[in-house]
Amino acid sequence: MTETNKALRVQVLVIGSGAGGATTANVLADRGFEVVVLEEGDRHGLSEYGQSPTRAMRKLYRNFGMTPVMGSIPIGYVEGRCLGGSTEINSGFWHRLPPEFLLRWKARFGLIDFSHEVLEPHFAWAEEVLNVGERGQAGWPKSTQVFNRGIEAMDWSAQEVKRAATGCVNTNSCSTGCPKGAKQGMSVALIPRAEALGVRFLTGCKVKLLLKHSKRITGVLAEIKREGGSSDLVRIDADYVFVCAGPTQTPTLLRRSGIKEHVGDSFQIHPMLKVTALFDEVIDAQDSVMPLLQVKEFWPDISFGGSFFSIGHLALNLADNWHENFDAMKQYRNMASYYVGVRGTGSGTVRAKILGDGDPVLKYELSDVDVRHLSQGLARLSTMLLAAGAKEVYPCVFGLGKITSELEAVRWLDESVPRSSLSLTTVHAFSTCPMGERADRCAADSFGKVHGVQNLFVNDASMLPDSPGINPQGTIMALAHRNAHHFADMHGH
Ligand SMILES: Cc1cc2nc3c(=O)[nH]c(=O)nc-3n(C[C@H](O)[C@H](O)[C@H](O)COP(=O)(O)OP(=O)(O)OC[C@H]3O[C@@H](n4cnc5c(N)ncnc54)[C@H](O)[C@@H]3O)c2cc1C
């Protein structure tokens, strides 16, 4: 990085150090570019990981873990804000983009050079650097074993999901940062490699604006935190800028900078409804990794899987019907939490606030189809958990007490849970800068170059053109890897 007339100058600036940003920085440094990464959050060592959820949320999460997605019902959303981004607090579940979505995206968004054969080496690269693998049935914790009992009773299609966490020793701290470094967040897996290749990571550095002249980005204005709470606003000039600030911040930054064509107009999420099951036997879910299986019988519209479990999360899950349910807290050792996840077919937007700090306002309106799928998912998952031996199933639905029989459960196959009673959350967001050649619906081309700007790229969850119906990190990293290599090829490196 060189200093000219008080402005710093770099060849490639990457904004954000999560799944997309860390991948981009690695590839470009490896291909001979000079790369600087600007990260809004702070750098934390493993010794700071695995603390209580409230402490972890202060350090590692945006807005201390409280970011609502507004709509006719608010949906709780969280994302990371620290070196490594959301990969530091995620569960490491790993999927490849299913062939069906690959084809659907290609057809709908006009993606070119986008096939199983093209993507295969990029997934393989990510799986190797993150050591992605399965634990195997012998290592399943009790919360997985009882879930499997239900799957077998129903004879449904299911799988143990691979994770980027081989060496996991059940500290149950995925969401508070893995203190053992077993979960391969970017701070463990890719950032040290990037630094060894010469990449500089500036943390506590929030990009406020992209500076544009004609059809080029000339640089950025960034706020750098100083010790004692003050901050400096600095200009950093760059030849090329990759925005990898995540699905909500990337579109916000682009829109704040006047780049708005199909940006933030198609925000998609996987809405999730949690349920907690009470068994006769001790599960001790608070002392193990979350359930490792996912039910794919009703995929792509509906999936079931395991949720993070702590005493605090249990209280939250029971809070919708607290007066009826609080007594169940005492039996926490016999409980485990699971979720119904739906693909999400509603419509959403991301907009920068006009007043104040210009932070995003997130909106998502559940479709009637989403509500039907959530209701049917609740019916089926509850039936399955009862078949697994659960005595009681507590859904996060206001006014709907515990479900204790199959008859109570199947009601929701034909009726919809009132929309306003649903307490939903999500940790998967995407599609705010969709990529593809269809300029009438895409913000960027098939390799993430923003339409109409010569040297600006998006390379994170925002580029996924639609909801993938699976945990998205694998797809984000594979596409970011492909796009960064394409960029290097195009620029003679
Ligand atoms: C609790 C949780 C559990 C999850 N579990 C899984 C899972 O098991 N499997 C899976 O596949 N996915 C999971 N996900 C989702 C997955 O982690 C994300 O989809 C993925 O990390 C998104 O990658 P990204 O690069 O788009 O954004 P991120 O990884 O979030 O990185 C974006 C980074 O940009 C920084 N940034 C934002 N704005 C600015 C700015 N203006 N200036 C500088 N820096 C900025 C942020 O601080 C952040 O560090 C989970 C997510 C969460 C929150």
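In the predicted model, Pro 300 lies in the loop between strand S15 and strand S16 (302-306). The peptide bond that leads into this proline from Trp 299 is cis, with omega near 10°. Backbone geometry of note also occurs at two aspartates and one glycine. Asp 113, placed in the loop between helix H3 and helix H4 (116-129), has a phi near 50°, a positive value in a residue other than glycine. Its relative accessible area of 44% makes Asp 113 partly exposed. Asp 155 likewise has a positive phi, near 60°, and is located in the loop between helix H5 and strand S7 (158-160). With 67% relative accessibility, Asp 155 counts as exposed. A positive phi of about 110° is taken by Gly 389, just after helix H11.

Helix H11 itself covers residues 368-387 and thus has 20 residues. From its first C-alpha to its last, H11 reaches 29 Å, close to the 28 Å expected at 1.5 Å a residue. The helix is mostly covered, 14 of its 20 residues being buried.

The protein is divided into two domains, each assembled from separate segments of the chain: domain 1 comprises 2-131, 177-263 and 430-490, and domain 2 comprises 137-165 and 271-426. The centres of the two domains, taken over C-alpha atoms, are separated by 29 Å. At their interface, 42 residues of domain 1 are in contact with 34 residues of domain 2. About 3000 Å² is buried between domain 1 and domain 2, and carbon and sulfur atoms give 58% of this area. On the side of domain 1, Ile 73, Ile 75 and Phe 93 supply 20% of the area buried against domain 2, more than any other three residues.

Polar interactions also cross this interface. Between domain 1 and domain 2 there are 15 residue pairs in polar contact, with both residues at pLDDT 80 or more. Several elements give two or more residues to the side of domain 1 that touches domain 2: strands S4 (67-69), S5 (75-77) and S6 (93-94), together with helices H3 (99-109) and H8 (246-256). The largest share of that side, 7 residues, comes from H8. The count of salt bridges between the two domains is 1. Lys 206 and Asp 359 form a salt bridge through their side chains, with an N to O distance of 3.2 Å.

Over the whole structure, 31 salt bridges are found. One of them joins Glu 40 to Arg 81, with the closest N and O atoms 3.6 Å apart. This pair links distant parts of the chain, as Glu 40 is in the loop between strand S3 (35-38) and helix H2 (53-60), whereas Arg 81 is in the loop between S5 and S6, 41 residues apart. Glu 40 counts as buried because its relative accessibility is 17%, under the 20% limit. Arg 81, at 27% relative accessibility, counts as partly exposed. Both residues belong to a network of salt bridges that links Glu 40, Arg 62, Glu 79, Arg 81, Lys 206 and Asp 359.

A further salt bridge is formed by Glu 281 and Arg 149, whose closest N and O atoms are 3.0 Å apart. Here too distant parts of the chain are linked: Glu 281 is in the loop between strand S14 (272-278) and strand S15 (293-295), and Arg 149 is in helix H5 (residues 142-154), 132 residues apart. Glu 281 is partly exposed, with a relative accessible area of 22%, and Arg 149 is also partly exposed, at 33% relative accessibility.

The side chains of Asp 265 and Arg 255 likewise meet in a salt bridge, at 3.7 Å from N to O. In this pair, Asp 265 is in the loop between H8 and strand S13 (268-269), while Arg 255 is in helix H8, the two being 10 residues apart. Asp 265 counts as partly exposed at 36% relative accessibility, whereas Arg 255 is buried, with a relative accessible area of 14%.

Definitions and conventions. Residues numbered from 1 in each chain as written. Predicted model: local features only at pLDDT ≥ 70, side-chain atom pairs only at ≥ 80, totals over all residues. Heavy atoms only, no water. Helix = DSSP H or I, 4+ residues; strand = E, 2+ residues; numbered from the N terminus. Expected span 1.5 Å × (residues − 1). Buried < 20%, exposed > 50% of the residue type's maximum accessible area, 1.4 Å probe, protein only. Domains from an automatic or database assignment. Contact = heavy atoms within 4.5 Å. Buried area = accessible area lost by both parts, 1.4 Å probe. Salt bridge = Lys/Arg side-chain N within 4 Å of Asp/Glu carboxyl O. Polar contact = N/O pair within 3.5 Å; in protein donor to acceptor, adjacent residues only side chain to side chain.
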